[in-house]
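Let's work through some exercises together, one step at a time. Keep the sequence and the 3D view open while you read.

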Amino acid sequence: MDDIADQTLQEIMSDYAKAGGNIQDKDKMQRYYYYITNGVDTQHVADMEEEWLSNVLRLIPSRLKALQSSVYQLSAEMREDYHMSVKKAIVDFVLKDPRQKNEYGSQQSDRPEDFLNIRVSTPSWQMAFRDSTDIIRSTLFITNPSIMEILEVWNRYKDTRLIEIQPILTKGGSFDLRSFKSLISQKLEKAHEKLLTTWYPAILNVFYQGSKRNEWSSIPNDRMEAFFRTIALVLGDQLRQIVRDSLKDFISLFDPMVAANNPNLPSNARSVTFSIRMILEDTKIKFDPPTQEIQTVIEALMDSLLVAADRIPKVETQLFASGQAATSNSRVGMNPVKPEQCVRVAFEATFPQLVESSRKTLRANLAKLLNAPYVYMTEFDKHKALIGKASEVDVTEFLSVENTQEKMMEEVKKYRHQATNMIQSAYPFFVYFPLVELHCSDFIRDLADRAMSLANRILEKMAMDYHAANNTLIMAFEEMAKKITTMPANVEDMVSLQKYIDQTRSVSMKTLEDAVEEAKKKLNFMITYSELKREDFEMNTVLFTWPQKIGPIFTEGESNLLKSRAANQDDLKSRKDKLMAELEGYGKQIEEYFSYGDYSEINKYLKAAQKLQSRLDSVAERIGAFNHEEELFGWEVTRFTGLGTAMEGLSPFLTLYQTSVDFQRSYHTWMTGSFLKLEPESVENEVTTMWRNIYKLTLTFAPESAPYEFAQITKEQIERFKVHIPLISTLCNPGLRDRHWKDISQVVGFRFQPDETTSFRQCLSGTSDSIWTRWKPFLPSQPRSFRLKKLCTRCTANGRTLSL
């Protein structure tokens with residue numbers, strides 16, 4: 001350092017001597033400089049603080065810091081200048097007049113000991129300065145006047161933004177996602193257009209005017225490309241600054257604290273909000289548009305913003321393509337260029353860390369703010385059954401079983417209350433969040449409609465039941481009125497009607513009136529919660545008027561009862577006389593049977609007796625009905641003694657005629673029918689019964705009377721046939737075999753073996769009973785198997801069980 005100081009001092013003194021300086025002044029400057037370099041010990045001078053050096057290095061671009069040797073050399077020069085400045089300040093302080101020490105801060109610029117003046121006063125230094133200035137002017141483009149004018153132009157446009165956030169924040173109301181996307185896209189396009197019509201023409205104008213002043217046109221051709229490359233770098237830095245500031249503003253749009261804390265914004269500025277519809281889709285709650293779509297669109301707009309300043313042509317593409325000058329607010333003369341002929345902005349490639357940090361900040365803000373609707377969605381958890389359609393299943397199951405009207409009313413009220421009070425009135429139609437304006441009207445309406453539809457389903461069932469119940473009540477009143485007003489046809493109908501009126505007046509009417517009152521309550525409920533059809537109102541009108549109409553109907557029914565009672569009493573008296581006369585006539589007919597004596601007319605007599613018996617049976621039934629009607633009137637029951645007398649008088653005649661005719665028919669069957677089909681036991685029982693009945697009749701009728709003669713004739717016929725019963729029992733023995741018939745044929749002297757065509761009359765023709773009796777020793781008794789079979793048949797017919 002001392003060597004450098006000595007060398008500097010020698011150069012100063014040499015230059016000063018050449019300039020013709022005073023020797024005395026020369027000595028002063030030599031001593032002054034000696035005091036600075038040697039009079040102050042370096043150990044007593046504090047080193048420069050590293051923080052100052054760090055601050056200086058922080059201002060150096062990163063690409064220049066890569067030149068480590070140059071950075072080190074410049075840092076050493078900075079420390080050396082610092083030490084020299086401190087030593088000079090110490091020397092100045094010591095040598096200064098004490099009267100001037102209070103004026104430490106004031107110095108005269110023309111003091112000969114001033115270090116800077118010393119350097120400036122030296123001709124060698126001035127020459128070196130001029131040479132350096134000329135070199136800089138010829139080689140360093142940044143000092144070119146055109147670039148300086150570009151920087152001045154930049155000062156007018158440095159506040160340019162690709163997106164002006166103030167109109168967006170002061171718009172008022174929320175944005176639709178599509179309109180917001182369109183708005184930002186249009187703003188980016190307009191901003192790009194504005195750059196091409198204002199800032200870019202101003203830049204071109206700088207070069208047109210500079211060309212006239214030969215500010216850049218004098219640059220050598222081999223340096224011209226480097227010059228315009230420098231211009232492109234300067235313009236690129238300016239465009240990147242616009243993108244950087246615009247990106248910061250764009251990110252701030254989605255920070256709710258910006259509008260509140262930014263004093264530069266008007267009082268009506270509000271943060272950006274997007275309108276999102278909450279919708280109910282089947283069993284899920286969804287958002288339209290989805291929050292993910294909002295985030296995707298915003299990130300896409302950010303990507304568009306990063307490249308919005310691209311496509312600005314390089315200056316030389318316009319300068320050398322046409323001689324026409326560009327003016328502000330005009331794109332006339334703008335020539336189309338290729339992408340590689342545009343100013344390279346490449347903001348994301350230039351500031352990758354800044355872009356990535358901005359993306360993270362944007363995504364974090366959006367994720368936080370767009371989560372608010374999902375948090376709000378939990379407010380509807382109490383309606384999960386309605387949203388998930390579990391309530392529809394519950395209502396279906398509820399309607400599939402029988403329920404009381406009260407329970408159905410409770411269910412209707414429950415769902416109506418849920419629709420109106422718990423949904424429509426409980427939630428706002430618009431919910432405001434820092435980034436979202438949630439439109440819930442459609443969702444609330446659909447959810448409430450779903451609850452109302454469930455209530456309406458129950459109401460429809462109630463309406464059907466109500467209609468059916470009212471129809472049943474009307475039919476009951478109509479049936480009641482019909483029965484009450486129907487004139488009784490007989491006493492039994494009259495009594496039944498009387499009981500029906502009494503029962504209806506005391507019990508049924510009370511039940512129906514209660515049912516009508518219940519129907520009125522149901523009507524009030526139905527009118528309150530649903531809309532009835534016209535036919536329902538007409539039916540209600542008919543139903544509710546029946547309690548007033550039924551009184552006159554009861555009066556009419558009681559009047560009919562009085563009329564019927566009088567008519568039926570007269571009818572009973574008339575029928576009693578007719579029955580008495582009819583029985584008297586039947587008694588006379590029975591007396592005529594004593595005069596019937598022609599035995600050949602016995603079939604005619606039987607039919608007449610049977611017909612009379614049928615009439616007597618009919619009279620008995622009518623008398624029973626008559627006595628029942630007397631009992632219904634409460635009268636004393638009439639004893640028709642003539643009926644019993646007539647039946648007793650007819651009975652022997654009917655038995656006589658029936659037995660005689662039955663014997664004649666059976667006798668013909670026994671004698672002419674197939675002999676082998678006769679059943680001896682059955683024949684014997686029938687003959688015995690007929691003979692017993694006829695014998696009793698002979699004891700009943702008076703001797704020598706016509707009926708008695710009839711009985712004797714029939715009795716003789718039965719007795720004549722009765723003598724053949726042993727022979728029938730013998731020949732119809734099922735135990736007879738072919739060998740027995742051969743033995744019988746030898747006794748009678750001719751071949752005898754009956755078949756299906758042989759009758760009992762043929763067996764008796766040409767032989768006598770004495771001959772048949774001689775066969776008996778040859779005949780076997782009935783075999784055990786036949787007797788057992790016969791016994792089983794009897795037991796089965798009588799419903800008894802046989803035990804062996």
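**Exercise 1. Find the place of Pro290 and decide whether Pro290 is buried, partly exposed or exposed.**

Step 1. Please keep in mind that this is a predicted model.

Step 2. Look just after strand β2: Pro290 sits in the loop between β2 and α13 (291-306).

Step 3. The relative accessible area of Pro290 is 38%. Buried means under 20% and exposed means over 50%, so Pro290 counts as partly exposed.

Step 4. Now check a distance. Pro290 and Ile276 are 14 residues apart along the chain, and their C-alpha atoms are separated by 7.9 Å.

**Exercise 2. Work out how β1 and β2 are joined, and which face of β2 is covered.**

Step 1. Strand β1 covers residues 274-281, and strand β2 covers residues 284-288.

Step 2. These two strands run antiparallel and are joined by 5 bridges. One pair to look for is Ile279, whose bridge partner in β2 is Lys286.

Step 3. Between β1 and β2 there are 2 residues, and the two strands form a hairpin. In the turn, Asp282 has a positive phi of about 60 degrees.

Step 4. Sort the residues of β2 by face. Ile285 and Phe287 make up the covered face, while Lys284, Lys286 and Asp288 are on the uncovered one.

**Exercise 3. Find the strand order of the sheet and say which strands stand at its edges.**

Step 1. Begin with β1 and β4 (residues 436-439): they run parallel, and 4 bridges join them. Phe274 stands opposite Val436, Ile276 has Leu438 as its bridge partner, and Arg277 has His439.

Step 2. Move on to β3 (residues 430-432), which pairs with β4 in the antiparallel sense over 3 bridges. Here Phe430 has His439 as its bridge partner. The two strands form a hairpin with 3 residues between them.

Step 3. Put the pairs together: the order is β2-β1-β4-β3, in an open sheet of 4 strands with mixed pairing.

Step 4. The strands β2 and β3 each have a single partner strand, so they stand at the edges and one side of each is left without a neighbour in the sheet. On average, neighbouring strands of this sheet are turned by 25 degrees against each other, direction ignored.

Step 5. How many of the 8 residues of β1 are buried? There are 6, so β1 is largely enclosed by the rest of the structure.

**Exercise 4. Describe the surroundings of Asp442 and His192.**

Step 1. Asp442 lies in helix α21 (residues 441-485). Leaving out residues up to four places away in sequence, Asp442 touches Arg277 and Met278.

Step 2. Asp442 and Phe429 are 13 residues apart along the chain, with 8.4 Å between their C-alpha atoms.

Step 3. His192 belongs to helix α10 (residues 177-212). Its relative accessible area is 5%, so His192 is buried.

Step 4. Which residues is His192 in contact with, leaving aside its neighbours within four places in sequence? They are Ala308, Asp310, Arg311 and Ile312.

**Exercise 5. Decide how helices α23 and α24 lie relative to each other.**

Step 1. Locate α23 at residues 534-592 and α24 at residues 602-633. Their axes come within 10 Å and cross at roughly 150 degrees.

Step 2. Angles over 145 degrees count as roughly antiparallel, so α23 and α24 are roughly antiparallel to each other.

Step 3. The crossing of α23 and α24 is left-handed. Among the residues making the contact are Leu572, Leu579 and Tyr586 of α23, along with Leu616, Val619 and Phe626 of α24.

**Exercise 6. Count the disulfides, then classify Cys342 and Cys440 as buried or exposed.**

Step 1. A disulfide needs a pair of cysteine sulfur atoms within 2.5 Å. By this rule the count is 0.

Step 2. Cys342 has a relative accessible area of 11%, so Cys342 is buried.

Step 3. Cys440 has a relative accessible area of 0%, so Cys440 is buried too.

How values were computed:
Residues numbered from 1 in each chain as written. Predicted model: local features only at pLDDT ≥ 70, side-chain atom pairs only at ≥ 80, totals over all residues. Heavy atoms only, no water. Pairing = 2+ DSSP bridges. Buried < 20%, exposed > 50% of the residue type's maximum accessible area, 1.4 Å probe, protein only. Axes fitted to C-alpha atoms, helices over the stretch in contact; angles between N-to-C directions. Parallel < 35°, antiparallel > 145°, perpendicular 65-115°, else oblique. Left-handed = near helix turned anticlockwise from the far one by under 90°. Contact = heavy atoms within 4.5 Å.
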